[in-house]
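Subject: Handing over the structure

Hi,

Here is the structure I promised to pass on. Please have a look at it first, and then read on for what I found.

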Amino acid sequence: MTDQTYCDRLVQDTPFLTVQGRLSEQQVDRIILQLNRYYPQILTNKEAEKFRNPKVSLRLRLCDLLSHLQRSGERDCQEFYRALYIHAQPLHSCLPSRHVLRPMSFLAGLGLAAGLALFLYCCPPDPKVSPGARRILGFSPVIIDRHVSRYLLAFLADDFRAL
């Protein structure tokens, strides 16, 4: 599976970014000014004025800007994400494109967790095995995924009470 391009990400993130109140007027202005001043080949002065026009609603200006960037190409979309990170870092970390599950890593983690759970469930407690060794197994799922580890640690906690 190939990774998403910045243009693909921008298409995916546009509905999220254009929700009323998600980006402030000041943040949008700073992003436009950064793209215009540092990268005049991305936004010319005339385009920057158009996207900063206070007579047009912020949502419409933002939609127009994002459409313009998508048509402009990969590098322009990448620079938008860089500007968004600089001027709206909390919003940047919440973007839908940043939270797409990678199928292979999910399946690998699930397989490892299921195997470990099956091992712990099927293997009767051996009196020769110290409880410390079972604790090491109990902390290994923390590395896998926080959601999976909750269930495995709960299972181990029940198992410790049985000892």
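Let me begin with one glutamate: E79 has a relative accessibility of 7%, so it counts as buried, the cut-off being under 20%. Please keep in mind that this is a predicted model. E79 sits in helix α5. Once neighbours within four places in sequence are set aside, the contacts of E79 are L35, Y39 and I42.

**The chain as a whole**

The protein chain has 10 helices and 0 strands, so if you read along from the N terminus you meet α elements throughout, α-α-α-α-α-α-α-α-α-α. Of its 163 residues, 31% are buried. The exposed area comes to about 10700 Å², and carbon and sulfur atoms supply 60% of that. If you take the contacts between residues at least 6 apart in sequence, 65% of them join residues at least 24 apart.

**Helix α5 and its two partners**

Two packed helices are described by the angle between their axes and the distance between the axes. Here are both values for two pairs that involve α5.

How do α2 and α5 pack? Helix α2 (residues 25-37) meets helix α5 (residues 74-87) at an angle of about 135 degrees, and their axes are 9 Å apart. That angle makes α2 oblique to α5. The crossing of this pair is right-handed. On the α2 side, the contact is made by Q27, R30, I31, Q34 and L35, while α5 brings in E79, F80, A83, L84, I86 and H87. By type, the residues of this contact split into 6 nonpolar, 3 polar and 2 charged. The buried E79 from the start of this message is one of the α5 residues in that contact, and L35 of α2 is among the residues that E79 touches.

The other pair is α1 with α5. The axes of α1 (residues 6-17) and α5 come within 9 Å and cross at roughly 45 degrees. That makes α1 oblique to α5. Which hand does the crossing of α1 and α5 have? It is left-handed. Helix α1 contributes Y6, C7, R9, L10, D13 and L17 to the contact, and α5 contributes E74, C77, Q78, F80, Y81 and L84. This set divides into 8 nonpolar, 1 polar and 3 charged residues. F80 and L84 of α5 appear in the contact with α2 and also in the contact with α1.

**Two more residues to look at**

H92 lies in helix α6. Is H92 buried or exposed? With a relative accessibility of 8%, H92 counts as buried. Not counting residues up to four places away in sequence, H92 touches R9, Y81, L84, Y85 and R98. Among them, R9 of α1 and Y81 and L84 of α5 also take part in the contact between those two helices. H92 and R82 are 10 residues apart along the chain, and their C-alpha atoms are separated by 9.3 Å.

C94 is found in the loop between α6 (89-92) and α7 (103-122). At 43% relative accessibility, C94 counts as partly exposed. Leaving out neighbours within four places in sequence, C94 is in contact with F16 and H99. C94 and F16 are 78 residues apart in sequence, with 9.4 Å between their C-alpha atoms.

Happy to talk any of this through.

Best wishes

Technical notes:
Residues numbered from 1 in each chain as written. Predicted model: local features only at pLDDT ≥ 70, side-chain atom pairs only at ≥ 80, totals over all residues. Heavy atoms only, no water. Helix = DSSP H or I, 4+ residues; strand = E, 2+ residues; numbered from the N terminus. Buried < 20%, exposed > 50% of the residue type's maximum accessible area, 1.4 Å probe, protein only. Contact = heavy atoms within 4.5 Å. Areas by Shrake-Rupley, 256 points an atom, 1.4 Å probe, with all protein chains shown as cover. Axes fitted to C-alpha atoms, helices over the stretch in contact; angles between N-to-C directions. Parallel < 35°, antiparallel > 145°, perpendicular 65-115°, else oblique. Left-handed = near helix turned anticlockwise from the far one by under 90°. Nonpolar A, V, L, I, M, F, W, Y, C, P; charged D, E, K, R; others polar.
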